Amino acid sequence: MSTDGVVIVGTGVAGATAALALRTGGFGGDVTLIGREPHLPYRRPTLSKDVLLTGMAVEKALIKPQTHWDEAGIGLRTGVAVTGGDTASHTLELSDGAGLEYGSLVLATGGAARHLPGLEPGPRVKYLRDFADAAGLRDELERAGSVVVLGAGLIGSEVASASAKLGAKVTVIEPAPLPLVRVVPPSIGERLAALQRGAGVDLLLGVRPGEITVEPDHVAVGLPAGAAVVADLLVVAVGTTPDTGLAERLAVRVDDGILVDERYRASADDVYAIGDCARVPNPLEGGTYRAENWSAAQDQARRWRRCSSARCPPPRCRGAGRTSSVRCSSSRVGPRRTTRWRWTAR
Ligand SMILES: Cc1cc2nc3c(=O)[nH]c(=O)nc-3n(C[C@H](O)[C@H](O)[C@H](O)COP(=O)(O)OP(=O)(O)OC[C@H]3O[C@@H](n4cnc5c(N)ncnc54)[C@H](O)[C@@H]3O)c2cc1C
């Protein structure tokens, strides 16, 4: 490809939106969108909703059909990971052995479900991040008579609701006093707790899980005072970590997310990061934050496009009370926030 081409790594909503925004914004150079998942870009929020509840096929959740990518002239490569590269020579290595040059590189590598040490996914232990996870979990839920969910955040709560609707006996263990404690006010958390309990979910709030034992035919999660919950299936929903593996291999600066400035520029020339993987400056409160939601990923992708085409309003730095075109916050790490998602019916 020509060296003015744009390579976008990650076929989630951030990467997909960035590729589409390049074309709608009139960019005529090569655009390559690479993702290690085997599917066309799809709507991840459906995983804990329709996919779990109805077994919806990934084809029903696509952001755009194949014809749309073809007509837009976007080179979409699925089932291929970018494994490394060299930002000085603007080259990338792919898992299929191929190499690729770029003019600009956009890292939209998203996030991963936070794993508990020693608790690897398997027939009795599930995490939920991608379509394969959701399809596997759905299959197990159809068989499981009982499920224990660790975490009453958004994903844990949605998994609990879906499991109860599918007929399983559900126990949720959450150390915080209410569900969704980091994203909604207590009054809404209380309402959700009441709804879940009304649906038959055994919601153990303010409880820290103890020792977890995984046996071939069941899992057991220790509770205070020597009690335990025994279930057919354990779903671990204890948060998300940014996927910074490729950025680290490219020696791009990372600190709980890929550090970028107001124009999404990372620490290497012509490298950008957007979406769940990016740690961006907070123009209102200072410091930096990571967004973990669908709308923010879309917004960042569109804004990145505007910035890269020089139609970007100059960034504002906290406290400066004036505009600045310098990388005013990329080196400032704290205070750090994570903005989690709102419920999205898609
Ligand atoms: C089950 C679930 C339900 C959710 N529900 C909601 C909701 O209701 N509302 C809401 O606002 N948000 C929701 N979210 C969050 C929302 O989906 C994410 O914030 C959003 O998808 C982030 O998009 P992204 O493109 O940044 O990253 P991702 O969607 O994570 O996409 C990143 C992609 O990059 C790929 N990748 C990573 N590294 C490489 C590499 N080296 N080479 C090639 N490919 C690579 C990954 O495999 C992945 O496909 C939900 C998330 C989950 C998991």
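A residue is called buried here if 20 or more other C-beta atoms lie within 10 Å of its own. By that rule, buried residues make up 42% of the 346 residues in the protein chain. The model is a predicted one, and the values below are computed from it. The secondary structure of the chain consists of eight helices and 22 strands. Among contacts with a separation of 6 or more, 64% join residues that are 24 or more positions apart.

The nonpolar interior is a useful place to begin. In soluble globular proteins, nonpolar side chains tend to be buried together. The largest nonpolar core of this chain has 51 residues. The members that touch the most others are Ala 18, Val 106, Leu 107, Ile 258, Tyr 272, Ala 273 and Ile 274. Helix H1 gives this core its largest share, seven residues. Ala 273 shows what such a position looks like in detail: leaving aside residues up to four places away in sequence, Ala 273 touches Leu 107, Ala 247, Ile 258, Val 260, Tyr 264, Ala 266 and Ala 278. A second core, separate from this one, has 39 residues, including Ala 113, Tyr 127, Val 201 and Leu 204.

Helix H1, residues 13-24, also packs against helix H8, residues 294-308. The two helices meet at an angle of about 35°, and their axes are 8 Å apart. Their crossing is right-handed. On the H1 side the contact is made by Val 13, Ala 14, Thr 17, Ala 18, Ala 21 and Leu 22. H8 contributes Trp 294, Ala 297, Gln 298, Gln 300, Ala 301, Arg 302, Trp 304 and Arg 305. Sorted by class, the contact holds nine nonpolar, three polar and two charged residues. Ala 18 appears both in this contact and among the best-connected members of the largest core.

Next come the strands. Strands of a sheet pair through backbone hydrogen bonds, either parallel or antiparallel. Strand S4 (residues 82-86) pairs with strand S5 (residues 91-94) in the antiparallel sense, over four bridges. In this pair, Gly 84 has Glu 93 of S5 as its bridge partner. The two strands form a hairpin with four residues between them, and His 90 in the turn has a positive phi of about 55°. S5 is also joined to strand S6 (residues 99-101), by three bridges and again antiparallel. Here Thr 91 stands opposite Glu 101 in S6. S5 and S6 form a hairpin too, with four residues between them; in that turn Gly 97 has a positive phi of about 95°.

Further along the chain, three strands form an open antiparallel sheet in the order S13-S14-S15. S13 (212-215) and S15 (228-231) are the edge strands; each has a single partner strand, so one side of each is left without a neighbour in the sheet. On average, neighbouring strands of this sheet are turned by 10° against each other, direction ignored. S13 and strand S14 (residues 218-222) are joined by four bridges, and Ile 212 stands opposite Val 221 in S14.

The loop between strand S12 (202-205) and S13 contains Arg 208. Is Arg 208 buried or exposed? Arg 208 counts as exposed because 11 C-beta neighbours lie inside 10 Å, and the limit for exposed is 12 or fewer. Arg 208 and Pro 224 are 16 residues apart in sequence, while their C-alpha atoms are 7.6 Å apart in space.

Notes. Residues are numbered from 1 along each chain as its sequence is written. This is a predicted model: local features need pLDDT of at least 70, side-chain atom pairs count only at pLDDT 80 or more; totals for chains, interfaces and linings use all residues. Axes are lines fitted to C-alpha atoms, for helices over the stretch in contact, and angles run from 0 to 180 degrees between N-to-C directions. A crossing is left-handed if the near helix is turned anticlockwise from the far one by less than a right angle, and right-handed if clockwise. Two residues are in contact if their C-beta atoms, placed from the backbone, lie within 7 Å. Ala, Val, Leu, Ile, Met, Phe, Trp, Tyr, Cys and Pro count as nonpolar, Asp, Glu, Lys and Arg as charged, and the others, Gly among them, as polar. A nonpolar core is a set of buried Ala, Val, Leu, Ile, Met, Phe, Trp, Tyr and Cys residues joined through C-beta atoms within 7 Å. Two strands pair if DSSP finds at least two bridges between them.
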